[in-house]
Amino acid sequence: MRETLLTGITGGIGAGKSVVSRVLALRGYTVYDCDSCAKELMESDPALREAVCSAAGRDLYSSGTLDRRVLAEVIFSDEARRRNVNRVVHAAVRRDIEALARSCADRLLFVESAILVTSHLDEITDAIWLVTAPEPMRMQRVMQRNPEMDAARIERRMRAQDGEFAALPAAKVTVIPNDGLHPLLEAVDAALRRLEAAL
C-alpha cells in the first residue's frame, strides 16, 4: 500500500508551475518532472522503446537513440499514431511515478505536468495544485522567455489547454495564484500545511 501522498502540479503556459516546482525542490521535496522523465524513459526503457516504435509504425531508434525528427513527422501527420504514441508514453510515466511513490521514503511527492487529465495522472494523485495567473501576464512571461513565439501562437496554446484544466477533479484542486498580487511563497506554504495535515 502506498503511504506517500502524491500531489500533481499543473497550470497553463506561463502560469508558473515550474517556478512552484523549483521552490519545492529547493526546500528538499522530490518533484517528478513528467516532460523530462518521459524523454529519459523513451531513451532508457527497452520495453517503452519497442512500444513507441510499434505505436508509430516506424523504427525510431535506427541510430541507437530516439530520432525526434522522425517521431515529429509521424505524430504531426497521423492523428491515430500520435494518440497511440502518447498512450504508451503516458502509461510508462504513470508506472514510473507509481514505482517511485512505492519506493520513496518521502511522505510528500510532487509531479509536474501540464496534462494531468490527458495522461490520466489525475487518477493517481491525491491532490492537485493548479498554478494560475492572468492571461496578459502569462502572455508576457512566455514572450520574454520564448521571443520566437508570437502572441497568436501563445493564444492558440492557451485555448488548447483550457479543456485540460476544466476537466480537473475539483475536489482535489488547490489554486496557487502566481499573479504578482498574492505572495507565491505564502500560497505554497499554506498548501503545504494542508497536505501535511492530511498525512
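Q: Which residues have the most contacts inside the largest nonpolar core?
A: Let's start in the middle of this predicted model. The largest nonpolar core has 35 residues. The residues with the most contacts inside this core are Tyr-32, Met-42, Leu-48, Leu-60, Val-89, Val-93 and Ile-97.

Q: Which element gives the largest share of this core?
A: The elements that give two or more residues to the core are the helices and strands α2 (34-44), α3 (46-56), α4 (68-77), α5 (79-103), β3 (108-112) and β4 (127-132). From one of these come 7 residues, the largest share. That element is α5.

Q: How many residues are in the other core that lies apart from it?
A: Apart from the largest core lies another one. Among its residues are Ala-15, Val-20, Phe-110 and Leu-184. This other core has 18 residues.

Q: Which residues does Leu-60 touch, not counting residues up to four places away in sequence?
A: Leu-60 is one of the residues with the most contacts inside the largest core. Leaving out residues up to four places away in sequence, the residues that Leu-60 touches are Val-52, Cys-53, Thr-65, Leu-66, Asp-67, Val-70 and Leu-71.

Q: In what order do the 5 strands of the open sheet stand?
A: The sheet is open, and its pairing is parallel. β2 and β5 (173-177) stand at the edges with a single partner strand each, so one side of each is left without a neighbour in the sheet. Neighbouring strands are turned by 25 degrees against each other on average, direction ignored. The order is β2-β3-β1-β4-β5.

Q: Which residue in β4 is the bridge partner of Gly-8?
A: Strand β1 covers residues 5-11 and pairs with β4 in the parallel sense over 5 bridges. Gly-8 has its bridge partner in β4, and that partner is Ile-128.

Q: What angle does the direction of α1 make with that of β1?
A: Helix α1 packs on the sheet and touches β1, β2, β3, β4 and β5. Its direction and that of β1 make an angle of about 145 degrees.

Q: What angle does the direction of α5 make with that of β2?
A: We met α5 as the element with the largest share of the largest core. Helix α5 also packs on the sheet, where it touches β1, β2 and β3. Between its direction and that of β2, the angle is about 170 degrees.

Q: How many of the residues of β3 are buried?
A: Leu-108, Phe-110 and Glu-112 point one way from β3, and Leu-109 and Val-111 point the other way. Every one of these is buried, and β3 is mostly covered. The count of buried residues in β3 is 5 of 5.

Q: Which residue in β3 is the bridge partner of Thr-7, and which is that of Val-31?
A: β1 and β3 run parallel and are joined by 5 bridges, while β2 and β3 pair in the parallel sense over 4 bridges. For Thr-7, the bridge partner in β3 is Phe-110. For Val-31, the bridge partner in β3 is also Phe-110.

Q: How many residues apart in sequence are the parts that the pair of Tyr-29 and Phe-110 ties together?
A: These two rings form an edge-to-face pair, 5.6 Å centre to centre with 85 degrees between the planes. Tyr-29 is partly exposed at a relative accessible area of 21%, whereas Phe-110 counts as buried at 0%. Tyr-29 lies in the loop between α1 (17-26) and β2 (30-33) and Phe-110 in strand β3, so the pair ties together parts whose separation in sequence is 81 residues.

Q: Which residues do ring pairs link into a cluster?
A: A search of the whole structure finds 2 aromatic pairs. Phe-110 and Trp-129 form a tilted pair, 5.3 Å centre to centre with 55 degrees between the planes. Phe-110 lies in strand β3 and Trp-129 in strand β4, so this pair ties together parts that are 19 residues apart in sequence. The cluster linked by ring pairs consists of Tyr-29, Phe-110 and Trp-129.

Q: How many disulfides does the structure hold?
A: A disulfide needs two cysteine sulfur atoms within 2.5 Å. For Cys-37, the nearest cysteine sulfur is that of Cys-34, 7.0 Å away. For Cys-104, the nearest is that of Cys-37, 13 Å away. The number of disulfides in the structure is 0.

How values were computed:
Residues numbered from 1 in each chain as written. Predicted model: local features only at pLDDT ≥ 70, side-chain atom pairs only at ≥ 80, totals over all residues. Heavy atoms only, no water. Core = buried A, V, L, I, M, F, W, Y, C linked by side-chain atoms within 4.5 Å. Buried < 20%, exposed > 50% of the residue type's maximum accessible area, 1.4 Å probe, protein only. Contact = heavy atoms within 4.5 Å. Phe/Tyr/Trp six-rings, centres within 6.5 Å; stacked < 30°, edge-to-face > 60°. Pairing = 2+ DSSP bridges. Axes fitted to C-alpha atoms, helices over the stretch in contact; angles between N-to-C directions.
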